[in-house]
Amino acid sequence: MSNLVVFDHPLIQHKLSIMRDKNTGVKEFRELLEEIAMLMIYEVTRNLETEEVEVETPICKCKCRKLSGRKLAVVPILRAGLGMVDGVLNMVPAAKVGHIGLYRDPQTLEPVEYYCKLPADSTEREIIVVDPMLATGGSASAAISFIKQRGCTHIRLVNLIAAPEGVKRVQEDHPDVDIFVAGLDSHLNDHGYIVPGLGDAGDRLFGTK
Ligand code: PRP
Ligand code: URA
């Protein structure tokens, strides 16, 4: 079974509380999502491989460590995942970016794919899938399946808020994919929204409602 990591860092929890507030506007919501993504990626990448290298400082030669393993690709699930990309790139500027377009059919709650473009060398990369909301888990599970169908084997999922139902779905469908969340909420309501959640992440991020 894949790991679930819930970040309890005070800065992340403080920022998430402001995002949940229905009175927080688009500008602040967007800024906070980017900031939390930046803080989360710091921990998500904690176990990346490094190798010893020699560096000559102005004083002397010394042994240091540099990243040596797979390079990263960040893959937002459109649309709301876009709000986490800059936060990741602030920390890992050389990461490539792929895009997966999925929307959740409001009647069936099933994900519908409308776009997928991954970096050409994505099979050699560590793929970080980002999406603020993990509700039923249908979108994330489908996105990961599409990425696997294209040959990728090393995948991590990063969400702002998850419902237990979504975590269970991804863990069952993709036991090899570790999940990182800032908040693990109570449950889903009858419309498939996370309770207490923060409402519709895409609408709050882009101001479309
Ligand atoms: C939201 C969210 C996830 C999905 C989660 O996207 O950003 O992608 O719902 O729900 P699930 O776990 O039940 O699949 P939405 O479908 O609203 O599209 P949007 O990002 O374009 O607003
Ligand atoms: N998508 C959202 O944006 N919010 C939810 O609570 C569930 C799915």
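By class, the lining of the largest pocket comes out as 15 nonpolar, nine polar and four charged residues. Keep in mind that this is a predicted model.

## The two main pockets

So where does that lining come from? The largest pocket has a volume of about 640 Å³. It is lined by 28 residues, and the ones closest to its centre are Tyr103, Arg104, Met133, Ser139 and Asp200. Several elements each give two or more residues to this lining: the strands β4 (72-78), β6 (99-104) and β8 (126-134), plus the helices α4 (138-149) and α6 (201-206).

Next comes the second largest pocket, with a volume of about 440 Å³. Here 20 residues do the lining, and Leu48, Leu67, Arg70, Leu72 and Val92 sit nearest the centre. Sorted by class, this lining has ten nonpolar, four polar and six charged residues.

## Salt bridges

On to charges. Side chains of opposite charge can pair when their charged atoms come close. In this model the count comes to 14 salt bridges. Three of them are set out here, with the distance between the closest N and O atoms.

| Basic residue | Acidic residue | Closest N and O atoms |
|---|---|---|
| Lysine 63 | Glutamate 54 | 3.5 Å |
| Arginine 150 | Glutamate 113 | 3.9 Å |
| Lysine 209 | Aspartate 203 | 3.7 Å |

Take the pair of arginine 150 and glutamate 113, whose closest N and O atoms are 3.9 Å apart. This pair ties together distant parts of the chain, with the two positions 37 residues apart: arginine 150 belongs to the loop between α4 and β9 (154-162), while glutamate 113 belongs to strand β7 (residues 111-117). Arginine 150 has a relative accessible area of 37%, so it ranks as partly exposed. Glutamate 113 is also partly exposed, because its relative accessible area is 33%.

How exposed or buried are lysine 209 and aspartate 203? Lysine 209 has a relative accessible area of 85% and is therefore exposed. Aspartate 203 is at 11%, so this residue is buried. The two also belong to something wider: Arg79, Asp203 and Lys209 are linked in a network of salt bridges.

As for the pair of glutamate 54 and lysine 63, the lysine has a relative accessible area of 54%, and so counts as exposed.

## Two cis peptide bonds

Arginine 79 turns up again in the backbone. Which peptide bonds are cis, with omega near 0°? One runs from leucine 78 to arginine 79, and another runs from valine 195 to proline 196. Arginine 79 is in the loop between β4 and α3 (82-91). Proline 196 is likewise in a loop, this one between β12 (194-195) and α6. If you're looking at the structure, note that the first of these bonds involves a residue of the salt-bridge network, Arg79.

## A nonpolar patch and strand β10

What makes up the nonpolar surface patch of about 210 Å²? Leu4, Val6 and Leu184 do. Leucine 184 is part of strand β10 (residues 178-184). With a relative accessible area of 39%, leucine 184 is partly exposed, because that value falls between the 20% and 50% limits. Its C-alpha atom is 6.0 Å from that of alanine 163, although the two residues are 21 apart along the chain.

Valine 181 is found in strand β10 too. Is valine 181 buried or exposed? It has a relative accessible area of 0%, so valine 181 is buried. The C-alpha atoms of valine 181 and valine 195 are 15 Å apart, with 14 residues of separation along the chain. That valine 195 is the one whose bond to proline 196 is cis.

## Histidine 9

Last stop: histidine 9, in the loop between β1 (4-6) and α1 (10-20). Its relative accessibility is 43%, so histidine 9 counts as partly exposed. Between the C-alpha atoms of histidine 9 and valine 53 there are 32 Å, and the two residues are 44 apart along the chain.

Key: Residues numbered from 1 in each chain as written. Chains lettered and ligands numbered in written order. Predicted model: local features only at pLDDT ≥ 70, side-chain atom pairs only at ≥ 80, totals over all residues. Heavy atoms only, no water. 1 Å grid on protein atoms, 1.4 Å probe; cavity = no way out; pocket = protein on both sides within 12 Å on 5 of 7 lines; lining within 4 Å. Points joined across faces, edges and corners; volume = space filled by probe spheres on them. Helix = DSSP H or I, 4+ residues; strand = E, 2+ residues; numbered from the N terminus. Nonpolar A, V, L, I, M, F, W, Y, C, P; charged D, E, K, R; others polar. Patch = residues over 30% accessible without salt bridge, like charges linked within 9 Å, V, L, I, M, F, W, Y side chains within 5 Å. Areas by Shrake-Rupley, 256 points an atom, 1.4 Å probe, with all protein chains shown as cover. Salt bridge = Lys/Arg side-chain N within 4 Å of Asp/Glu carboxyl O. Buried < 20%, exposed > 50% of the residue type's maximum accessible area, 1.4 Å probe, protein only.
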